[in-house]
Amino acid sequence: MIVGNKKKIEILKQIIRNDNVPHAMIFSGPEMIGKKKIAIDFIKNIFCKELCGECYFCKSIDCNPDMNIISPVEGNIEIEEIRKAKERLSLKSYHNKIKALIIDDSHLMRKDAQNAFLKMLEEPKGDTLIIFITSFPEMILKTIKSRAQEVKFSLLGKEEIENHLVSLGSSLQKAQEISLISSGQIGKAINFFKDNDKMDFFNKSIEDIISLSTSSMSKRFQYAEKLKDDKMKIIEILDIWERFLRREILLKVFNYKSSMNNYSLAKTKEVIDELEKIKYIIESSNVNKRIAFESLLIKL
Ligand SMILES: [Zn+2]
């Protein structure tokens, strides 16, 4: 079941009803809001107009030879993968419908990999569809953008997330608690709900930033050392810190008791700016994650 972004999903259904599927699309918007799931369902919908849930296409989209998904490996999408995918796209549709390719985190394609699509997009042959999924659409080449139809997805409302969690069997209170800390990202909310450890991790990460901000440099480096180059974990921690610090700002502005008394309002803002910068670098490039993370820890 897909939650939120109802209007956008309606537009996608309309495209299929009108038999107006473009050759290239960009699904953009924040991380963990279900873009990939929406893309898969969109393709499923091309194969089964009723989305009946019963037929071969609805049940086994994952092994449908007419659909292919590329995901990055260690923060990179190799041009070789693109070449193979392009070859598959050029074959005749097995089910006589469409050949589709989804590229997840497509901003992680380097320029040469992105360029490899240009010819295909300039002179599309047969019924092909490429969906570029990205949370950084500004990193997709203009030449691709101008040939693709972009659909922009957004964060979900608090109530949408709560309702969905309740429909998964959560109590209302727990759903409210989780929606508060998942900042509009349904994927994150579901992870929190399914996994108690995630909640503990959330709380532990907040304790960490509070204590790190008064720790010696060697303690800070030890902390970074422990995480090594674990991109997902570092991003998870940065996300949690960012939300925590934003809340701190509100508390300070309205003169409530905040958790970090050693931080002034200006300092809190400064750290958030730095944090956003580092997060962007880690997410969108191939830098050494630990070193980037250390440069933030020094400034806490
Ligand atoms: Zn079906």
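This is a short talk on the pocket, the salt bridges and the cysteines of one structure.

Hello everyone, and thanks for coming. Please keep in mind throughout that we are looking at a predicted model.

Let's start with the largest pocket. It holds about 960 Å³ of space. Lining it are 41 residues, and if you want to find the centre, look for E31, M32, I33, G187 and M232, which lie nearest to it. Several elements give two or more residues to that lining: α2 (35-47), β4 (128-134), α10 (186-194), α11 (196-212) and α13 (231-253). Which of them gives the largest share of the lining? That is α13, with seven residues.

What kinds of residue line the largest pocket? By class, there are 18 nonpolar, nine polar and 14 charged residues. And where does the pocket sit with respect to the domains? Domain 1, residues 6-152, and domain 2, residues 199-299, both give residues to the lining, so the pocket lies between them.

Let me stay with E31 for a moment, one of the residues nearest the pocket centre. You will find E31 in the loop between β1 (24-28) and α2. E31 has a relative accessible area of 27%, so it counts as partly exposed. Now find D105 on your screen: in sequence E31 and D105 are 74 residues apart, yet their C-alpha atoms are 9.3 Å apart in space.

Now for the salt bridges. As a reminder, side chains of opposite charge can pair when their charged atoms come close. How many salt bridges does the structure hold? The count is 22, and I have picked three to show you.

My first example is K59 with E54, where the closest N and O atoms are 4.0 Å apart. Both of these residues are exposed.

My second example sits in one helix. K204 and D208 are both in α11, four residues apart, or about one turn of the helix. Their side chains meet in a salt bridge, at 2.8 Å from N to O. Are the two partners buried or exposed? K204 has a relative accessible area of 42%, so it is partly exposed. D208, at 13%, counts as buried, because buried means under 20%.

My third example is K279 with D239, whose side chains meet at 2.6 Å, N to O. This pair links distant parts of the chain: K279 is in helix α14 (residues 265-284) and D239 is in helix α13, 40 residues apart. Both K279 and D239 are buried. The pair also belongs to a wider network, in which salt bridges that share partners join K188, D239, E242, R246, E276 and K279. You may remember that α13, the home of D239, is also the helix giving the largest share of the pocket lining.

Last topic: the cysteines. A disulfide is a covalent bond between the sulfur atoms of two cysteines. How many disulfides are there in this model? The count comes to zero. Take C63 as an example: it is in no disulfide, and the nearest cysteine sulfur, that of C55, is 12 Å away. A pair would have to come within 2.5 Å to be counted. C63 has 54% relative accessibility, so it counts as exposed. C48, by contrast, is buried, with a relative accessible area of 6%.

That's my tour. Thank you for listening, and I'm happy to go back to any of these places on the screen.

Methods:
Residues numbered from 1 in each chain as written. Predicted model: local features only at pLDDT ≥ 70, side-chain atom pairs only at ≥ 80, totals over all residues. Heavy atoms only, no water. 1 Å grid on protein atoms, 1.4 Å probe; cavity = no way out; pocket = protein on both sides within 12 Å on 5 of 7 lines; lining within 4 Å. Points joined across faces, edges and corners; volume = space filled by probe spheres on them. Nonpolar A, V, L, I, M, F, W, Y, C, P; charged D, E, K, R; others polar. Domains from an automatic or database assignment. Buried < 20%, exposed > 50% of the residue type's maximum accessible area, 1.4 Å probe, protein only.
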